[in-house]
Amino acid sequence: MKIVKKVKVKNKFGLHIRPAAAIAKILQSKKSSVFFTYKNDTVNARSVMGILSLVIKKNSIISVSVEGVDAEITMKEVTEVLNKCFEEE
Amino acid sequence: MPQVKDLYNDFKEYLQLKLVTGKRGLCREIKKAEVHSPGLHLTGFSKHDLHSCIFVFGALEIEYLRELDKKKAIERLKNILSEFTPLVVVADNLPPPLSLRLVCKEKKISLFSTSKTTMAFLSRMFFLLHEWFAKTEVVHGTLVEVFGLGVLIQGESSIGKSETGLGLLEKGHRLISDDVVQIKKRGTSLIGFGPELTRYIMEIRGIGIINIAHLFGAVCVKTETTIELIVHLEKWNDSCFYDRVGLEEKKCNFLGIGVPLHILPIKPGRDIILLIETLALNHRLKATGHYSAKEFTEKLRRNIKNQKFNENREKSKSEK
């Protein structure tokens, strides 16, 4: 099963190390392959460096593509992280 | 898309550019990888669409413009240059004629002069534009230069790509990029490099983010390399048959160019770093004309042939 969804990044400082690590943590137990596309660049969401290299700022809309047996739950959890506002110090 | 100011700021010295007029045109985008000398178009021939092209005026064009009546020159220039023209360059250090300056000002086009000859400027521009507009692909993997050979290590997440890369660095090889590798086509070669932000940075599970250039020194890093080998790491699967002789060559395609692919199964006791070093050395050996597997097959074939010949000879002797 493949799901593609456009998601707005709500975190104040964009997709920095913490949200990227949180996404990698979620995906550790998931079987689906997850890709983020932003400004024509597509990266594997399991890669922290990959997400960071996209340099995504607040309110940017990214395309999330999830494919696999647990696509629905994976998409739900990834979207939650992208919508979440991390506590910034 | 690159802007005129990117070209001006980054390659001012390489192209020997001097801004004459049209500061406001610096923000204009360069949309096409095309550079033209207006030549015939100055005579009024305008069947070919040259919008969005970069124009280079050489000695001949400038001479022709000077000889033309000012009004006519402006009219002809207006037919060629438009609000889509990114920039105009006058080569050979020639002073741009008034008509050209007026039209560039009106159309808000950046007008430059260069000390380079038309040919030298054109060749440098072609090279730059070719680089800028070259197709790029982003892949997941670790790119390391092993014995001077660009080896792209791929495989599923958490298979140990970064750890293998780290092991290779420890042995004196060079890191180009970890996790995110950008690939660009240059002629018939594939050039691999990392995004500026994550350059020389590695993320190792259990350690975190480390800077390779700081840890191992500048000798262990490189900005780009030609990708000549792909190594795909995968978990050992007993039901899968792995290459035992090396006679078949698998290829992986990036941007229309095939690169030799080797699948390396991971199992306790298999030293992946040593295996990758051996693969790289074997690849270099092949490039020098020595193909171990083929050479061995040939030797074996010769031996079998000789054996048959000897058998036949003995047979015929005994019959006699």
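In this predicted model, the cover over the buried residues of helix α3(B) includes two further helices of chain B, α2 (59-67) and α4 (98-106). Helix α3 itself runs over residues 70-80 of chain B. Its buried residues are B:Ala73, B:Arg76 and B:Leu77. Seen down the axis of α3(B), these residues fall within an arc of 100 degrees, so they line one face of the helix. An α-helix has 3.6 residues a turn, so residues three or four places apart point the same way. The face of α3(B) turned away from the buried side carries B:Lys71 and B:Lys72. Both of these lysines are exposed.

Nonpolar cores were examined next. In soluble globular proteins, nonpolar side chains tend to be buried together. The largest nonpolar core of the model holds 51 residues. Its members that touch the most other members are A:Ile51, A:Val78, B:Val144, B:Val151 and B:Val231. Residues of chain A and of chain B thus appear in this list. The contacts of B:Val231 were traced with residues up to four places away in sequence left out. On that count, B:Val231 touches B:Val151 and B:Ile153. It also touches B:His262, B:Leu264, B:Ile276 and B:Leu279. Apart from the largest core lies another, of 27 residues. Among the members of this other core are B:Leu7, B:Ile54, B:Phe57 and B:Val90.

The contact between the chains takes twelve residues from chain A and eleven from chain B. On the side of chain B that touches chain A, the elements that give two or more residues are the strands β6 (136-146), β8 (174-186) and β10 (201-204) of chain B. The largest share comes from β8(B), with three residues. By class, this side of chain B has five nonpolar residues. Three polar and three charged residues make up the rest.

Chain A was then described on its own. It has three helices and four strands. Read along the sequence, these elements follow the pattern β-α-β-β-α-β-α. Chain A has 89 residues, and 35% of them count as buried. A compact globule with 89 residues would have a radius of gyration near 12 Å; chain A has 12 Å, which agrees. Along its principal axes, the C-alpha trace of chain A spans about 35 × 25 × 20 Å. Contacts in chain A between residues at least 6 apart in sequence were also sorted by separation. Of these, 73% join residues at least 24 apart.

Key: Residues numbered from 1 in each chain as written. Chains lettered and ligands numbered in written order. Predicted model: local features only at pLDDT ≥ 70, side-chain atom pairs only at ≥ 80, totals over all residues. Core = buried A, V, L, I, M, F, W, Y, C linked by C-beta atoms within 7 Å. Buried ≥ 20, exposed ≤ 12 C-beta atoms within 10 Å, placed from the backbone. Contact = placed C-beta atoms within 7 Å. Nonpolar A, V, L, I, M, F, W, Y, C, P; charged D, E, K, R; others polar. Arc of directions from axis to C-beta. Rg over C-alpha atoms; globule rule 2.2 N^0.38 Å.
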